[in-house]
Amino acid sequence: MAVTNAKVNTQQADRPFFRLSDLVVVALILAIACSLFLAKLAKNRARSDQGLWAEIYQANQLVARVPLDGLALGTYHLGDLPQEGSVQAPAGIDQIPYGLDHYLFSADGQGGLKISQAPCPDRLCQRGGYLHRVGDLSICVPGQVLVKIVAPSSPVQGEGLDMVIGQGQNTEETTSP
């Protein structure tokens with residue numbers, strides 16, 4: 001019995017930690033991961049060249065849609081920003097403690113926008129920095145303000161969505177037997 005155990009121990013000690021085939025598999029996995037990362041990065045950069053928009057919401061209602069192309073360096077009130085359509089106050093504005101007229105937005109001149117002044121107590125939305133890429137968000141919870149960056153073909157009307165939950169009203173009544 002002792003002879004066979006010693007033989008097994010010497011065979012395990014002679015085996016290398018990595019084989020050449022192990023290194024090839026690891027290199028292949030790293031190459032695939034890098035190529036996927038670079039493809040995602042190129043896709044995001046291609047989107048940013050299309051002319052992005054900033055959508056400003058208050059109380060879950062779209063208040064303004066601002067094109068970020070050509071937005072000059074500076075600080076703006078909401079009414080001073082170039083917009084698609086007109087500024088509309090959301091319904092129930094009297095229940096929101098901070099109106100949009102108290103907010104200032106800053107543009108960096110390179111297609112970025114941020115909330116630069118907010119009346120809320122903690123001012124976390126100001127510390128978020130400039131929003132440049134699709135999907136970037138800045139949220140002010142006490143004022144119920146949301147600024148998000150979207151692509152021009154963004155699903156404003158619902159196209160390209162996988163699923164919508166909680167939209168609309170169910171007009172049909174269902175009865176159970």
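Select strand 4 and strand 5 in this predicted model: the two run antiparallel and are joined by four bridges. For a reference pair across them, display Ala 107, which stands opposite Leu 113 in strand 5.

Next, select the residues linking these strands. Strand 4 and strand 5 form a hairpin, with five residues between them. Within the turn, centre the view on Gly 109, where phi is positive, at about 80°.

Return to strand 4, residues 104-107, and show the side chains. In a regular strand, side chains alternate between the two faces of the sheet. Here Leu 104 and Ser 106 lie on one side, while Phe 105 and Ala 107 lie on the other. Are these four residues buried or exposed? Each of them is buried, and both faces of strand 4 are thus covered.

Now add strand 3, residues 74-76. Strand 3 pairs with strand 4 in the antiparallel sense, over three bridges. Select Gly 74 here: its position is opposite Ala 107 in strand 4. Ala 107 therefore deserves to stay highlighted, because it faces Gly 74 as well as Leu 113. 

Finally, display the three strands together. They form an open sheet in the order 3-4-5, with antiparallel pairing. Which strands form the edges? Strand 3 and strand 5 (113-117) do, each pairing on one side only. Viewed as a whole, neighbouring strands of this sheet are turned by 35° against each other on average, direction ignored.

Technical notes:
Residues are numbered from 1 along each chain as its sequence is written. This is a predicted model: local features need pLDDT of at least 70, side-chain atom pairs count only at pLDDT 80 or more; totals for chains, interfaces and linings use all residues. Side-chain values use heavy atoms; hydrogens and water are left out. Two strands pair if DSSP finds at least two bridges between them. Axes are lines fitted to C-alpha atoms, for helices over the stretch in contact, and angles run from 0 to 180 degrees between N-to-C directions. Buried means under 20% relative accessible area, exposed over 50%, partly exposed in between (1.4 Å probe, protein chains only).
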